[in-house]
Amino acid sequence: LRGADAGPFTRESELQYNGGAQLSMSDFPSNPAAASERSSDEGVRQPARSPAEDMELLSRVQARDQGAMAEIFDRYSGMAFSVAMRVLRDPSQAEDVMQDVFFRLWQNPGAFTSERGSLGGWLAVVVRNRAIDIVRRRRPSDPVEDVVLPANTNLAAEVERNTLMERVRGVLTGLPAEQRKTLEMAYFDGLSHTEIAAKTGEPLGTVKTRIRSALITVRKAFQA
Amino acid sequence: MTDGRHIPQDDLALHAMQALSPEESAVVRAHLAECAACRGELAELAGDLALVAVGVEQHAVPAGARERFLQRVADDAAAPAAEQAARPRVVPIDEARARRGLMHRIPWTAVAALLVITAGLVIKIGDLRLEVAEQARTIREQSAANARAQQVMDVLTSRSAQHVLLTAAKTKPAPTARAVYLASRGALIMQASNLDPVPAGKMYELWIIPMSGAPVPAGMFRPDAAGTASLVMPQLPKGIAAKAFGVTVENEAGAQSPTMPIVLSGAAPAAGE
């Protein structure tokens with residue numbers, strides 16, 4: 001990792017890209033070994049889906065097809081509920097957030113387009129942001145349309161696979177403890193960097209660097 | 001906030017987490033609007049955060065959540081057209097600009113008033129729909145219950161129903177009657193079989209022998225050719241605790257007290273209700 005003064009990007013090559021559409025997270029190779037080692041949370045296992053199927057479903061939702069909406073719900077509700085639970089730690093509040101996000105997608109399926117990355121990843125981020133709004137007791141800060149993920153990621157095909165979840169968990173567990181803790185305080189507890197600095201007694205710059213470093217480690221772990 | 005060219009990655013990460021103050025966010029947004037490279041990096045960071053999010057411990061969706069969601073969707077799909085039209089929709093920027101010239105000439109007060117009235121009507125219509133749906137559901141349930149009750153009645157009272165008494169083998173069937181009685185509701189069903197025929201002008205009469213007081217008449221009946229008869233829900237006062245039941249033969253007009261002999265009798269076990 002570069003130091004904090006290395007500019008906005010850690011990889012020179014990214015500056016060459018035009019418009020960001022080419023910024024691609026590499027395909028995640030499937031990991032049958034991890035799949036066979038999976039623990040017993042079978043209840044949330046869902047089959048892998050292709051991004052094209054998601055877009056096809058969304059176009060049916062656009063035509064008010066309730067069955068297509070049910071299918072999207074079946075694909076991603078477990079993941080979305082789990083994300084909301086991690087932030088809110090209350091099943092009833094978490095369900096409310098999850099339901100609202102899916103219902104908004106039903107009302108406005110155009111909020112998500114293929115330029116916004118993968119539906120699963122996008123829903124995960126939108127649910128997290130809505131849940132944080134509840135924690136902070138504030139009005140929704142950003143329209144969901146603001147959330148954009150990298151195009152060309154394979155997150156869509158992988159997001160509902162427990163192999164991916166386990167790999168992410170492995171990467172997060174492997175982070176230096178203070179990095180992981182800082183990232184979790186910021187992302188799941190909704191603390192600002194100032195609040196984290198006050199809480200941990202670390203300088204602001206350190207807090208920021210830790211969050212950034214943790215995210216870059218995650219990114220690199222999922223590059224080929 | 002900006003380093004002259006771009007937003008530092010640290011701050012973009014905080015922005016992606018919505019952790020910046022509104023003032024800081026405004027600066028970042030202004031830069032993002034002009035800078036494709038920073039937009040690209042922000043998307044990358046959002047992708048990283050999506051990975052972090054999907055790595056959380058998995059929980060099964062609460063029971064009923066799917067049904068609740070699909071019901072909400074179904075209700076929305078069934079909403080009146082007016083409500084659909086009132087829903088906000090995304091207007092492409094170019095289209096919005098093209099409309100702006102026209103919009104200056106619209107009397108906004110009148111539009112606002114109309115919107116308020118429309119919103120009120122839409123809410124009212126929504127309430128009424130809910131009410132109608134609820135009533136329809138109640139009627140459906142009651143109809144189903146009624147249909148079932150009618151079937152029970154039909155079976156018990158139909159002249160073509162076959163009544164079969166099962167007894168120990170090689171025993172000559174004796175006259176019997178089975179009464180089912182719910183004192184608290186004054187509800188009684190009786191089925192009798194193998195009754196001897198009664199002379200013209202006579203009928204059997206069922207009696208409730210109460211815990212205290214005189215026997216209460218509980219209905220007249222005449223057996224068919226096979227000796228079968230039934231009494232279904234005769235008019236009875238509620239709350240007569242029965243000690244026993246008895247059947248006598250009386251004049252067709254009925255009697256106010258039983259005439260001996262008692263041809264059938266049975267003690268009532270302790271009440272279940």
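These are my notebook entries on a predicted two-chain model, chains A and B.

**Ground rules.** Since this is a prediction, local features need pLDDT of at least 70 and side-chain atom pairs count only at pLDDT 80 or more, while totals for chains, interfaces and linings use all residues. Residues are numbered from 1 along each chain as its sequence is written, chains are lettered from A and ligands numbered from 1 in the order in which they are written, and side-chain values use heavy atoms, with hydrogens and water left out.

**Overall layout.** I started with the elements, taken as DSSP runs numbered from the N terminus (helices: H or I, at least four residues; strands: E, at least two). Chain A has 10 helices and zero strands. Chain B has seven helices and seven strands, and its pattern along the sequence is α-α-α-α-α-α-α-β-β-β-β-β-β-β. Next I looked up burial (buried is under 20% relative accessible area, exposed over 50%, partly exposed in between; 1.4 Å probe, protein chains only). Of the 224 residues of chain A, 51% count as buried; for chain B it is 32% of 273 residues.

**Chain A, helix 5.** Residues 119-135 make up this helix, 17 in number, and it reaches 24 Å from first C-alpha to last, close to the 24 Å expected at 1.5 Å a residue (expected span: 1.5 Å times one less than the number of residues). I found it mostly covered, with 15 of its 17 residues buried. Just after helix 5 of chain A, Arg137(A) takes a positive phi of about 50°.

**Salt bridges.** I searched for a side-chain nitrogen of Lys or Arg within 4 Å of a carboxyl oxygen of Asp or Glu. The whole structure gives 17 over all chains. One of them pairs Arg75(A) with Glu53(A) at 2.8 Å, N to O. That pair links distant parts of the chain, Arg75(A) in helix 3 (residues 66-88) and Glu53(A) in helix 2 (residues 51-62), 22 residues apart. Arg75(A) is buried at 3% relative accessible area, whereas Glu53(A) is partly exposed at 34%. Both belong to a salt-bridge network with Asp54(A) and Glu71(A).

I also noted Arg210(A) with Glu202(A), 3.1 Å from N to O. Here Arg210(A) is buried at 16% and Glu202(A) partly exposed at 27%.

**Across the chains.** Asp10(B) forms a salt bridge with Arg212(A), closest N and O atoms 3.3 Å apart. Asp10(B) is in helix 1 (residues 9-16) of chain B and Arg212(A) in helix 10 (residues 204-221) of chain A, so this pair joins two chains. Asp10(B) is buried at 9%, and Arg212(A) is buried at 3%.

**Chain B, helix 4 and the loop before it.** Helix 4 (residues 65-77) has 13 residues and reaches 18 Å, close to the 18 Å expected. Its buried residues are Ala65(B), Phe69(B), Val73(B) and Asp76(B). Down the helix axis they fall within an arc of 70°, so they line one face (the arc is that of the directions from the axis to the C-beta atoms). In the loop between helix 3 (36-54) and helix 4 I checked Gln58(B). Gln58(B) counts as buried at 9% relative accessibility, and its side chain reaches the backbone oxygen of Val56(B) at 3.0 Å.

Methods:
A polar contact is a pair of N or O atoms within 3.5 Å; within protein, one must be able to donate a hydrogen and the other to accept it, and residues adjacent in sequence count only if both atoms are side-chain atoms.
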